[in-house]
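Got the viewer open? Here is a short walk through a few spots to select, one after another.

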Amino acid sequence: VRNTTVDLTTGETYFNDFELGYIDGNNGPVDPTTGWASENTNNDFHDDGTPISWAMRRNVGFARSGQISMRSGRSTEQAANDWLFSNCLYMKAGEHYLLSFYYTGRQSNREETMAVYLGSAQSSSAMTRKLWQKTFNTAIQYKEAVIAFTPEEDGYYYIGFHAISEADQGWIYLDDFSIRKNHDTDLSLDDIEVMAAPCDFSEQTPVRISLRNSGNKAIDTPIFIHYSITDPLGETSSEITVEVDQALMPGETTHLTIEANFSQFGIYTILAHLSLGIDIEEPETGNNSLSAKVFSTSMNPDAGQIYLTFEEFRDLSETGWTALDLNEDGISWDFRSATAYAFSGSRVFLYGFSNELQANDWLFSDCARLKAGVVYKVGFSYRVFDGDYNEHIDFGIASAIDPSAVISILESKEDYNNYNYRRASYAFMVPQDGNYYFAWHAR
């Protein structure tokens, strides 16, 4: 019987690259997942009866090191809900531990989501503390995740990897798992959070950077936070180093609030890095740096002309736009990659059709900050799916994302059937300063 429990309180590092090895005096190769377990929570199976869940995968092209990695299941019909559990790990309350692993997706055109939990048993119901979650679309380009944490009480624990990708995505690969008692000195940059909704973004948008003493000794020397912000044009708009002169006990968190200019439409990137003084020796664990993407989807004409191609977005939720299916037929506006139907690039908003019900569906833009007394011009390109079918659409402006809040219909297009794109443009004014929304009503 092989004892797979690891006592991390001794300072031992437990590393698993999932390669078969000759260890513990065995004459044959030992399965590195002995002591590990999986759970097919959504109870889906391949045609041969094997579960669609986590399993060892021998293929040097998909492993980060060696030949073997762990791979999640993939279903074209059901969203993933599958767990991989580590072997038993003994830890003590008040001590910080450092977990690292490498992960990737199989295909760049598929989006994967995985979460990591800490639990008291190899069961999804026992996985009660979330440590990490990420959505990614890397194509066999492994990324490292580093997580510093402390358990709430002494005991035996398990690390749980939860695959939760949507249906018909790819596979998740996991390799080179490592966990150990953390160093005495360690800083963790835990979060970068924008403290405002996109409609409230401005030249002074508050952003909170959260940092934590994830080591096992107090830090009583200054902490330096270096951060930079890249604007939608790819240019560095801010690059600043701030000194935080605050003692931190093990496990203690503090925050730094900065101001960022998010007034332009597009995607911003914030990069932040923590360090101690040059006289302080801090082991490089990889958890003292963090990046965050900020989607500034509100429109501010005062910051310059806005021309939206939507190529930088992957799905409707990222655009900030909203689709309302008022006739509840399950068919409404959508945001897709469809080069054959896009005016430019591949991203396009489109409305599906029903053979049974008349359309009654709205598409609302994110907010536009407009001023009374100013004449604005708005335009868009449009076409129908098939010139044999006439379509009907209204275009207007609203004070909220609600059909009852439409304050002006700028045009109602009746029986249009142009298969090739046309350009529509309108001049308009608003009654008072505020946030407004452009609205399209398919009917």
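**Stop one: a small sheet**

Start by selecting Ile192, whose bridge partner in S15 is Ile209. Keep in mind as you look around that this is a predicted model. Now widen the selection to S14 and strand S15 (residues 205–213): the two pair in the antiparallel sense over seven bridges. Add S18 and you have an open sheet of three strands, ordered S14-S15-S18, with antiparallel pairing. Which strands stand at the edges? They are S14 (187–194) and S18 (253–260); each has a single partner strand, so one side of each is left without a neighbour in the sheet. Ignoring direction, neighbouring strands here are turned by 20° against each other on average.

**Stop two: aromatic rings**

Next, show the Phe, Tyr and Trp side chains. A search of the whole structure turns up 39 aromatic pairs. Pick out Phe101 and Trp132, an edge-to-face pair with 5.3 Å centre to centre and 85° between the planes. Phe101 belongs to strand S8 (residues 97–105) and Trp132 to strand S10 (residues 127–136), so this pair ties together parts that are 31 residues apart in sequence. Are these two buried or exposed? Both Phe101 and Trp132 are buried.

Stay on Phe101 and add Phe161: these two also form an edge-to-face pair, at 5.1 Å centre to centre with 85° between the planes. Here the link runs between distant parts of the chain, from Phe101 in strand S8 to Phe161 in strand S12 (residues 155–163), 60 residues apart. Phe161 has 0% relative accessibility, so it counts as buried. The figure for Phe101 is 0% relative accessibility too.

**Stop three: arginines over rings**

Select Arg64 and Tyr102. The charged end of Arg64 sits over the Tyr102 ring, 3.5 Å from its centre. Then jump to Arg74, which lies over the face of Trp171, 5.3 Å from the ring centre.

**Stop four: a serine in a loop**

Finish at Ser332, in the loop between strand S21 (322–325) and strand S22 (333–337). Ser332 counts as buried because its relative accessibility is 17%, and the cut-off for buried is under 20%. What does the side chain of Ser332 make a polar contact with? Show Asp361: the contact is side chain to side chain, at 3.3 Å. To fill in the surroundings, leave aside neighbours within four places in sequence and select the residues in contact with Ser332: Ala323, Leu324, Asp325, Leu350, Tyr351, Gly352 and, again, Asp361.

Technical notes:
Residues are numbered from 1 along each chain as its sequence is written. This is a predicted model: local features need pLDDT of at least 70, side-chain atom pairs count only at pLDDT 80 or more; totals for chains, interfaces and linings use all residues. Side-chain values use heavy atoms; hydrogens and water are left out. Two strands pair if DSSP finds at least two bridges between them. Helices (H or I, at least four residues) and strands (E, at least two) are DSSP runs, numbered from the N terminus. Axes are lines fitted to C-alpha atoms, for helices over the stretch in contact, and angles run from 0 to 180 degrees between N-to-C directions. Rings of Phe, Tyr and Trp (its six-membered ring) pair if their centres lie within 6.5 Å; planes under 30 degrees apart count as stacked, over 60 as edge-to-face and the rest as tilted. Buried means under 20% relative accessible area, exposed over 50%, partly exposed in between (1.4 Å probe, protein chains only). A charge sits over a ring if NZ of Lys or CZ of Arg is within 6 Å of the ring centre and within 35 degrees of the ring normal. A polar contact is a pair of N or O atoms within 3.5 Å; within protein, one must be able to donate a hydrogen and the other to accept it, and residues adjacent in sequence count only if both atoms are side-chain atoms. Contact means heavy atoms within 4.5 Å.
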